[in-house]
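Me: Could you take me through this chain feature by feature, giving the general idea and then the case at hand?

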Amino acid sequence: MSLTLDDILGYKVRITNVFDTVTEGTIYTFNTNNTAIILQTSEKSDDNQSFKIIKCSFIKQIECVSNGNINRSRSKDINFDDIVSLLD
């Protein structure tokens with residue numbers, strides 16, 4: 001079974017950009033047209049939701065912090081190359 005874009009939704013990740021700024025959040029969605037990942041950076045229980053849009057070309061490193069609420073049968077280890085290849 002190969003990795004699909006839907007497999008990465010809900011993962012809590014830590015992204016380091018090319019400027020060495022670190023952003024941590026949950027993968028909320030993605031945009032294949034401009035190869036961007038949208039992270040939900042606030043807790044789901046917060047009244048005001050916060051999101052960050054990060055272009056993959058600006059990502060230096062991505063680490064999976066946890067699987068969040070992912071179904072165990074779909075749980076996979078992911079890495080930056082896997083995500084970029086899906087968005088290309």
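**Reading the predicted model**

Reply: Let us begin with exposure, bearing in mind that this is a predicted model: Phe 58 is partly exposed, because its relative accessible area is 40%, and partly exposed covers the range between the 20% and 50% cut-offs. Phe 58 is placed in the loop between strand 4 (51-55) and strand 5 (59-66), and together with Val 18 and Phe 19 this residue makes a nonpolar surface patch of about 320 Å².

Me: How far does the confidence of the predictor carry such a reading, and which elements have the lowest and the highest mean pLDDT?

Reply: As a general idea, where pLDDT is low, the predicted coordinates should not be read in detail. Here the chain averages a pLDDT of 78, with 69% of the residues scoring at least 70; among the elements, helix 2 (residues 80-87) has the lowest mean, 64, whereas strand 4 has the highest, 94. Over residues 70-75 the pLDDT stays under 50, and for this stretch the model has 12 contacts beyond four places in sequence.

Me: Is Ser 42 buried or exposed, and what does its side chain reach?

Reply: Ser 42, found in the loop between strand 3 (36-40) and strand 4, is buried, since its relative accessible area of 12% falls under the 20% cut-off. Its side chain reaches the backbone nitrogen of Ser 50 at 2.9 Å, and, leaving aside neighbours within four places in sequence, Ser 42 is in contact with Asn 48, Gln 49 and Ser 50.

Me: How should I read the charged pairs, and how many salt bridges does the structure hold?

Reply: In general, side chains of opposite charge can pair when their charged atoms come close. This structure holds four salt bridges, and one of them joins Lys 12 to Glu 24, with the closest N and O atoms 3.8 Å apart; the pair links distant parts of the chain, Lys 12 being in strand 1 (residues 12-17) and Glu 24 in strand 2 (residues 22-31), 12 residues apart. Glu 24 also meets Arg 14 in a salt bridge, at 3.0 Å from N to O, and here too strand 1 is linked to strand 2, across 10 residues. Lys 12, Arg 14, Glu 24 and Glu 63 are linked in a network of salt bridges.

Me: Which parts of the chain does the pair of Asp 20 and Lys 60 tie together?

Reply: The side chains of Asp 20 and Lys 60 meet in a salt bridge at 2.5 Å, N to O. Because Asp 20 lies in the loop between strand 1 and strand 2 while Lys 60 lies in strand 5, the pair ties together parts that are 40 residues apart in sequence.

Methods. Residues numbered from 1 in each chain as written. Predicted model: local features only at pLDDT ≥ 70, side-chain atom pairs only at ≥ 80, totals over all residues. Heavy atoms only, no water. Patch = residues over 30% accessible without salt bridge, like charges linked within 9 Å, V, L, I, M, F, W, Y side chains within 5 Å. Areas by Shrake-Rupley, 256 points an atom, 1.4 Å probe, with all protein chains shown as cover. Helix = DSSP H or I, 4+ residues; strand = E, 2+ residues; numbered from the N terminus. Buried < 20%, exposed > 50% of the residue type's maximum accessible area, 1.4 Å probe, protein only. pLDDT = per-residue confidence, 0-100. Contact = heavy atoms within 4.5 Å. Polar contact = N/O pair within 3.5 Å; in protein donor to acceptor, adjacent residues only side chain to side chain.
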